[in-house]
Amino acid sequence: MSVLAITGGVGGAKLAVGLAHLLNPEQLVFLVNTGDDFCHLGLHISPDLDTLTYSLAGHACPTKGWGRRDETWSFLKTIQDLGGPAWFQLGDKDLALHIYRTQLLNEGGSLTAATKAITKALGVKHSLLPCSDDRIATVVDSDVGQLSFQHYFVKHQCRPRVNGIKYDGADRARLNSILDLATISIVVICPSNPYLSVDPILAVSEFRNFLRNPHVPVLAVSPIVQGRALKGPTTKIMTELGHTVNNKTIVRHYADILTGLIVDEGDAKDCETIKDLGIECIARNTVMRTIDDRVRLARETLEFGKALSR
Ligand code: FO1
């Protein structure tokens, strides 16, 4: 039996690394958001798959969280000099990955197969599965119109006001066929942005139906710490969608699938309210600054999951 970890970008990848330290590839599978994927300069870019790949391979840029460490920027500088688009920063090493993935896809391979080839080449032993090999595109309905994910997140730096978010293609997308749901004993929702990184995965109907299975505990590590998200636009989007930025909002957001929530120790007072809502709750230090933090929180998450499996 194995643990299935759902993750998006930077925030989720931190816990993912902790889980990968504790569980071997037969015990842990990653299901990764592809709603951020887009075609840029003719290249298929899969940011959340790449963030997780680089994080597990030890190549992630420690300051940005995305892209690679020790990067060079000749390509980007040159395309800027030529008058091309430089708003989406592609380092030279990162660029090679996008070119190679695009080549594999153009040869008829699936995103799953391309990811397998790339993760293997980078020495990643765990299985990183795109949530679907069918197209899913997160679209942000904002006060400046409909924006593709990367235009919202990078080009507009999350400034536009969000009125709604949709996941084009998710209703038709098939769950990754490599994933054998019968082997999953615990599901962990890593602390990624619920609206931008987790919901596209949950929008794949076959998967959301599976998560309603009462025999498989679904745990989430809250991305909210003492009334705010540690990183990214979660706080802003939650507010703009009319919600209070707290753990109760997280519980309500995942209400139909959630078994237990891990809140930060500073929010331990929330556990009583959350238990009254029928969701198990424990408080731990959910701020992951060091690798030891990531491994510790991963261990605490797995212990919580085992306790809920009994
Ligand atoms: N995020 C930015 O804020 N600015 C960038 O220029 C940028 C480039 C980039 C290149 C490759 C890649 O895999 C990710 C990149 N990201 C950038 C992050 C990306 O937009 C986000 O990681 C996800 O899509 C959201 O988690």
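These notes cover the ligand site and the aromatic pairs of a predicted model.

1. **The site.** Start with the pocket. The ligand occupies the space of the largest pocket. Its shell holds 13 residues. Asp36, Asp48, Phe88, Gln89 and Gln150 are the closest of them.

2. **Make-up of the shell.** Sorted by class, seven of the surrounding residues are nonpolar. Three are polar and three are charged.

3. **Where the shell comes from.** Two helices deserve a look. α2 (47-57) and α6 (149-155) each give at least two residues to the shell. α6 makes the largest contribution, with four residues.

4. **Polar contacts.** Three are worth checking on screen. The side chain of aspartate 48 places an N or O atom 3.2 Å from a ligand oxygen. Glutamine 89 uses its backbone instead: a polar atom there is 2.9 Å from an oxygen atom of the ligand. Tryptophan 66 faces a nitrogen atom of the ligand, with a polar side-chain atom 3.4 Å away.

5. **Cover.** How much of the ligand's accessible area does the protein cover? On its own the ligand has 520 Å², and the protein covers 93% of that.

6. **Aromatic pairs.** The model has five aromatic pairs. Take phenylalanine 38 and phenylalanine 88. Their ring centres are 4.8 Å apart and their planes meet at 75°. Planes over 60 degrees apart count as edge-to-face, so this pair is edge-to-face.

7. **What that pair links.** Phenylalanine 38 belongs to strand β3 (residues 38-40). Phenylalanine 88 sits in the loop between α3 (74-81) and α4 (92-106). The pair therefore ties together parts that are 50 residues apart in sequence. Phe88 is also among the residues closest to the ligand.

Methods: Residues are numbered from 1 along each chain as its sequence is written. This is a predicted model: local features need pLDDT of at least 70, side-chain atom pairs count only at pLDDT 80 or more; totals for chains, interfaces and linings use all residues. Side-chain values use heavy atoms; hydrogens and water are left out. A residue is near a molecule or strand if one of its heavy atoms lies within 4 Å of it. A polar contact is a pair of N or O atoms within 3.5 Å; within protein, one must be able to donate a hydrogen and the other to accept it, and residues adjacent in sequence count only if both atoms are side-chain atoms. Accessible areas come from the Shrake-Rupley method with a 1.4 Å probe; for residues, only the protein chains shown count as cover. On a 1 Å grid over the protein atoms alone, a cavity is a set of points where a 1.4 Å probe fits but cannot get out, and a pocket is an open set with protein on both sides within 12 Å along at least five of seven lines; lining residues have an atom within 4 Å of a point. A molecule sits in a cavity or pocket if more than half of its atoms lie within 2 Å of its grid points. Ala, Val, Leu, Ile, Met, Phe, Trp, Tyr, Cys and Pro count as nonpolar, Asp, Glu, Lys and Arg as charged, and the others, Gly among them, as polar. Rings of Phe, Tyr and Trp (its six-membered ring) pair if their centres lie within 6.5 Å; planes under 30 degrees apart count as stacked, over 60 as edge-to-face and the rest as tilted.
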